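Reader: I'd like to learn how to read a few features straight off a model. Could you walk me through this one?

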Amino acid sequence: MEIFISEIPEEGLTREGTLPPSIFDLSPNDSIRPTGAVTYKANIFHFDGVLAFDGHLTGEFQLECATCLEYFSYVADYPKWSSDVELEDDQVSFDLAKLIREDFLLDLPPSPRCDELVEGHVCPKAHYVIKIQKPLDEEATHDKSDNAWDVLDDLKD
Ligand SMILES: [Zn+2]
């Protein structure tokens, strides 16, 4: 969605609407899966080679939990979105969709946990890790002594 810088009046320009999830152009295996249209309201200002934006962004995603690797639904809602971009010397236009895409990807939680972001949800893996930590250590010790005996047996032969 190309906007020409010459179109931006001194008092700013407002654009609002929706963008399809395809703007993200991510692999289906990515830890971020956009699941619906992005809604945006952008107030755009231009002064001295800098574009400044504020407004409201919302989007629906499935995020991969960093602990259990299950995807969970997450609504990203940035009611006080703001951003700025320095223009190149010869730049005459910019792509608003691209900027919105980048800001979502920057602002989404970097290593999300399903139990932290979904109210009342227990991350199955987080629970599992705490429960089995002790037995795992004991097992490791057993393995070591078993191996030592195996080595002795081998020597005997
Ligand atoms: Zn989880």
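Author: Let's start in a loop: Asp-48 sits between strand 4 (38–47) and strand 5 (50–64), where strands (E, at least two residues) and helices (H or I, at least four) are DSSP runs numbered from the N terminus. Bear in mind that this is a predicted model, in which local features need pLDDT of at least 70, side-chain atom pairs count only at pLDDT 80 or more, and totals for chains, interfaces and linings use all residues. Residues are numbered from 1 along each chain as its sequence is written, and side-chain values use heavy atoms, with hydrogens and water left out.

Reader: What is the phi of Asp-48, and is the residue buried or exposed?

Author: Its phi is positive, about 45°, although Asp-48 is not a glycine. For burial, go by relative accessible area with a 1.4 Å probe and protein chains only: under 20% is buried, over 50% exposed, and in between partly exposed. Asp-48 has 79%, so it is exposed. Leu-69 also has a positive phi without being a glycine, near 65°. You'll find Leu-69 in the loop between strand 5 and strand 6 (71–86), and it counts as exposed at 53%.

Reader: Now the metal. Which residues are the protein donors of the zinc ion?

Author: Donors are N, O and S atoms within 2.8 Å of the metal (3.2 Å for Na, K and Ca), and since water is not among the atoms, sites may look incomplete. Here the SG atoms of Cys-65, Cys-68, Cys-114 and Cys-123 do the job, lying 2.2 to 2.3 Å from the zinc ion. In sequence, the spacing of these donor residues reads C-x2-C-x45-C-x8-C. Cys-114 and Cys-123 are both buried.

Reader: Why is the arrangement around the zinc ion tetrahedral?

Author: Four donors get that label if all angles lie between 85 and 135 degrees. The four donor atoms here subtend angles of 103 to 117°, so the arrangement is tetrahedral.

Reader: And aromatic pairs: how do I describe one?

Author: You give the distance of the centres and the angle of the planes. Rings of Phe, Tyr and Trp (its six-membered ring) pair if their centres lie within 6.5 Å; planes under 30 degrees apart are stacked, over 60 edge-to-face, and the rest tilted. That rule gives six aromatic pairs here. One of them is Phe-24 with Phe-61, edge-to-face at 5.4 Å centre to centre and 75° between the planes. This pair links distant parts of the chain, 37 residues apart: Phe-24 is in the loop between strand 2 (13–19) and strand 3 (32–34), and Phe-61 is in strand 5. Both Phe-24 and Phe-61 are buried. Tyr-78 and Phe-104 make a tilted pair, at 5.8 Å centre to centre with 50° between the planes. Tyr-78 is in strand 6 and Phe-104 in helix 1, so the pair ties together parts 26 residues apart in sequence.

Reader: Are Tyr-78 and Phe-104 buried or exposed?

Author: Tyr-78 counts as buried at 15% relative accessibility, and Phe-104 is buried at 0%. Phe-24, Phe-61, Tyr-78 and Phe-104 form one aromatic cluster.

Reader: Last one: which element gives the most to the lining of the largest pocket?

Author: Helix 1 does, with three residues. Strand 7 (93–95) and helix 1 (96–107) each supply at least two residues of that lining.

Conventions: Four donors count as tetrahedral if all angles lie between 85 and 135 degrees; four count as square planar and six as octahedral if opposite donors are over 155 degrees apart and all others between 65 and 115; anything else is irregular.
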